[in-house]
Amino acid sequence: MNETVLVLTLAAAVSAGTPLALAALGALLSERAGVLNLGIEGIMLVGAVTAFLAADASGRPLVGLAAGVLAGAAFTSLHAFLSVTMRANQIVSGLALVIFGTGIATFLGQSIEGRPLAARLPRTSIVGLADIPVLGRVLFSQDVVVYGTWVVIVLAALYLTRTRTGLALRSVGESPATADAVGIRVAAMRYAHVIIGGGFAGAGGAYVILARVPAWAQAGTTNGIGWIAIALVVFASWRPLRALAGAYLFGAALRANFALQAAGITAVPAEFLAMLPYVLTIVVLMVLSATDTRSRLGAPAALGAPFVRDER
Amino acid sequence: MKLRRSLLPLVVAALIAAACGGEDPAAPVGDETDDPAAAEETDGTEDGEADAEADGTEPEGDDDVLRVAFVYVGPVGDAGWTFRHDVGRQDLEDALGDRVETTFLENVPEGAESERVFEDLARQGNDLIFGTSFGYGDQMVAVSEQYPDVVFEHATGYQTTDNLGTYFGAVEESRYLEGMAAGAATESNQIGYVAAFPIPEVVRGINAYTLGAREVNPDATVQVIWTSTWYDPEVEGQAAESLLDAGADVIGMHQDSPAPGQAAEAADAYWTGYHSDMEEFAPNAWLTASVWDWGPYYISTAESVLDGSWESREYYGDMADGIFDVAPFGPSVADETQSEIEARRQEILAGDFAPFTGPIADQDGDERVADGESMDLGALLSFDWFVEGVVGQIE
């Protein structure tokens with residue numbers, strides 16, 4: 001593999017990792033508030049189909065992105081209601097969101113099946129930076145959503161560690177009873193972060209349709225990356241910057257299969273490489289479900305547990 | 001209390017899903033459309049309900065109407081393989097009107113899971129069932145033996161029973177013509193080919209494509225990448241990008257989505273598609289494609305079942321039958337290339353030219369087909385080696 005191919009492969013990994021990073025950030029915010037959201041895949045599909053419809057109608061990809069964010073947030077409010085107000089089992093509610101989201105997105109997408117989207121995100125090189133050898137091509141010759149993702153990831157990291165509200169959020173995720181005792185409105189915090197998280201997942205779905213795939217393809221549009229995003233949160237120990245790095249790593253794993261084949265390296269079977277991101281996902285999800293390893297990894301202590309004031 | 005709470009979301013979701021399904025009386029296939037997606041995700045409750053519902057509302061004993069079901073591996077909106085089959089289904093409805101009633105199921109996974117789908121369709125009283133993906137083969141054989149009164153037709157398959165026939169077309173003829181367009185278009189002499197699985201059907205196409213490319217450009221090579229999927233736009237696009245990164249300037253494909261073409265368009269390269277005319281997805285990159293036209297076959301098969309003349313057979317149609325052809329050329333195909341291709345096309349239609357006519361050498365340069373000889377159908381259907389000029393391996 002010569003150097004150019006390597007550079008191009010890395011650049012592709014950044015683009016492929018972007019929807020993962022956005023969706024993982026959404027899941028992360030929700031989980032930091034103590035609410036597990038397994039519905040990411042369904043939310044992404046809702047975001048994707050809405051983004052297509054809005055971008056198609058307006059002719060502007062960024063309008064599509066905004067619509068995807070809003071649709072994702074609105075759709076996720078259902079999960080917030082069920083898991084916070086109704087105190088339902090978050091795993092069941094999240095899975096219901098996947099099924100429902102897939103169904104409703106398929107329904108909404110009937111009119112756009114098999115049609116190309118003209119209003120796609122253009123590549124926008126950053127003047128000056130794009131001319132840096134290697135890094136310029138890998139990082140600074142992408143589209144605005146890639147750059148925007150860096151901004152929101154950094155802001156989210158600062159928010160969690162450097163702000164009062166971020167501290168309050170973490171305490172809601174670790175010990176809602178304590179947070180409640182010091183006057184933090186637990187339910188409001190959870191609602192806000194689950195819904196905002198849904199907006200990010202919607203953005204991830206929107207990015208898939210606006211930049212990655214040629215047409216609306218029902219569940220095949222996101223094809224399981226919502227699940228990878230959930231695993232990524234654990235992989236990243238609930239930290240936004242690590243989630244971004246992990247997303248690019250997953251993006252590279254996705255691409256490695258073909259880059260190696262194109263370079264004529266066939267020592268590893270293609271099927272094995274195609275499987276890698278999913279194997280990684282399963283391993284990480286297994287870790288997530290084992291409680292003792294969870295705390296060691298830095299999972300919010302109250303993750304998945306509904307908060308009931310009376311039972312304090 | 002806790003248990004009941006935990007069930008609430010599922011109930012809510014089921015209710016909403018049911019409401020959505022009911023909202024769409026205009027689309028008679030709406031329920032089927034949602035069903036496989038749900039089946040994939042839940043593999044349980046919702047699907048069972050839908051089946052029960054379908055059983056209950058069945059108009060029993062309506063013998064005048066031929067009930068025809070189609071099982072698709074992808075969504076009808078894939079713009080490719082499944083889309084073309086569904087166009088064929090609509091042609092069938094248009095042609096036979098009240099005499100047929102069609103339904104379809106999308107996104108049905110290949111392999112073991114499909115058996116239940118075929119069994120359900122047979123039990124629900126369908127008279128003729130088309131399965132349109134290679135990986136349904138074993139399951140269709142099993143179900144056809146269980147339901148001897150139902151006629152099964154398996155596209156791209158190789159196994160038949162008394163009531164299971166197979167159908168496909170010698171698309172290598174138009175693949176050869178596609179390859180000529182690709183060979184004329186390439187400047188780097190590197191053509192990339194995004195391919196699904198290393199099975200004879202795909203290998204045959206790659207070989208014909210390569211022979212065509214090298215007829216007009218003896219220096220051209222065709223590099224193959226396997227994706228291990230028929231339909232996954234993200235993966236198909238990434239595979240095409242990798243080939244372009246490695247220096248290819250024309251992309252060919254044996255995939256179901258237009259994603260490889262979009263990758264070619266973005267890289268200012270050229271593209272030959274497959275299944276349908278996908279020009280609108282990548283107008284600058286577009287050269288041509290092999291496109292299927294299943295309608296006539298579906299109509300004649302349904303008619304033969306209606307009049308009782310249907311017999312199990314292995315149908316392998318050719319371009320003269322009209323089951324496939326090359327798509328209209330894009331503007332970037334030079335006039336002389338177009339007339340060269342058209343001349344070959346006429347020879348194929350007249351039966352004067354077969355793509356796999358010797359001398360043909362394999363990747364090692366050893367002659368496999370002698371000068372003037374043509375490969376027979378059996379050899380074509382079990383193709384397991386690449387011709388000279390293909391870069392890549394059959395794993």
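## A walk from chain A to its contact with chain B

Among contacts in chain A between residues at least 6 apart in sequence, 77% join residues at least 24 apart. Keep in mind as you look around that this is a predicted model. Chain A is built from 13 helices and has zero strands, so if you trace the chain from one end to the other you simply read α thirteen times over, as α-α-α-α-α-α-α-α-α-α-α-α-α. Of its 312 residues, 57% count as buried. The accessible surface of chain A adds up to about 11900 Å², and 68% of that belongs to carbon and sulfur atoms.

Now turn to the place where chain A meets chain B. The contact draws 46 residues from chain A and 48 residues from chain B. Between them the two chains bury about 4000 Å², with 60% of it on carbon and sulfur atoms. On the chain A side, the residues that lose the most area to chain B are A:Pro214, A:Arg255 and A:Phe258, which together make up 15% of what that side buries. Keep A:Arg255 in mind, as we'll come back to that residue.

What about polar links across the interface? Three salt bridges are counted between chain A and chain B, and 11 residue pairs are in polar contact there, both partners being at pLDDT 80 or more. Which elements of chain A give two or more residues to this side? They are α1 (3-32), α4 (90-108), α11 (240-262) and α12 (270-289). The largest share comes from α4(A), with 10 residues. Sorted by class, the side of chain A that touches chain B has 25 nonpolar, 14 polar and seven charged residues.

Back to A:Arg255, then. The side chain of A:Arg255 meets that of B:Glu241 in a salt bridge, at 2.8 Å from N to O. A search over all chains turns up 16 salt bridges in the whole structure. The A:Arg255 pair crosses between chains, running from helix α11 of chain A to helix α9 (residues 233-245) of chain B. Are its two ends buried or exposed? A:Arg255 has a relative accessible area of just 1%, so this residue is buried. B:Glu241 comes out at 26%, which means that this partner is partly exposed. There is a third member to look for as well: A:Arg255, B:Glu241 and B:Asp245 are linked in a network of salt bridges.

Another spot on the chain B side worth a look is B:Gln223, which sits in strand β7 (residues 221-226) of chain B. A polar atom of the B:Gln223 side chain lies 2.7 Å from the backbone oxygen of A:Ala262. Leaving out residues up to four places away in sequence, the neighbours that B:Gln223 touches in chain A are A:Gln261, A:Ala262, A:Ala263 and A:Gly264. In its own chain, B:Gln223 touches B:Ile191, B:Gly192, B:Tyr193, B:Leu243 and B:Val391. With 12% relative accessibility, B:Gln223 falls under the 20% cut-off and therefore counts as buried.

Two more salt bridges can be found within chain B, and each pairs residues of one helix. Start with B:Arg116 and B:Asp120, whose closest N and O atoms are 3.5 Å apart. Why are these two separated by about one helical turn? Because they are four residues apart in helix α5 (residues 113-123) of chain B. B:Arg116 is partly exposed at 34% relative accessibility, whereas B:Asp120, at 9%, counts as buried.

The second pair is B:Glu178 with B:Arg175, and here the closest N and O atoms are 3.2 Å apart. These residues are three apart in helix α7 (residues 172-185) of chain B, so about one helical turn separates them. B:Glu178 is buried, at 0% relative accessibility, and B:Arg175 is buried too, with a relative accessible area of 0%.

Key. Residues numbered from 1 in each chain as written. Chains lettered and ligands numbered in written order. Predicted model: local features only at pLDDT ≥ 70, side-chain atom pairs only at ≥ 80, totals over all residues. Heavy atoms only, no water. Buried < 20%, exposed > 50% of the residue type's maximum accessible area, 1.4 Å probe, protein only. Contact = heavy atoms within 4.5 Å. Areas by Shrake-Rupley, 256 points an atom, 1.4 Å probe, with all protein chains shown as cover. Buried area = accessible area lost by both parts, 1.4 Å probe. Salt bridge = Lys/Arg side-chain N within 4 Å of Asp/Glu carboxyl O. Polar contact = N/O pair within 3.5 Å; in protein donor to acceptor, adjacent residues only side chain to side chain. Nonpolar A, V, L, I, M, F, W, Y, C, P; charged D, E, K, R; others polar.
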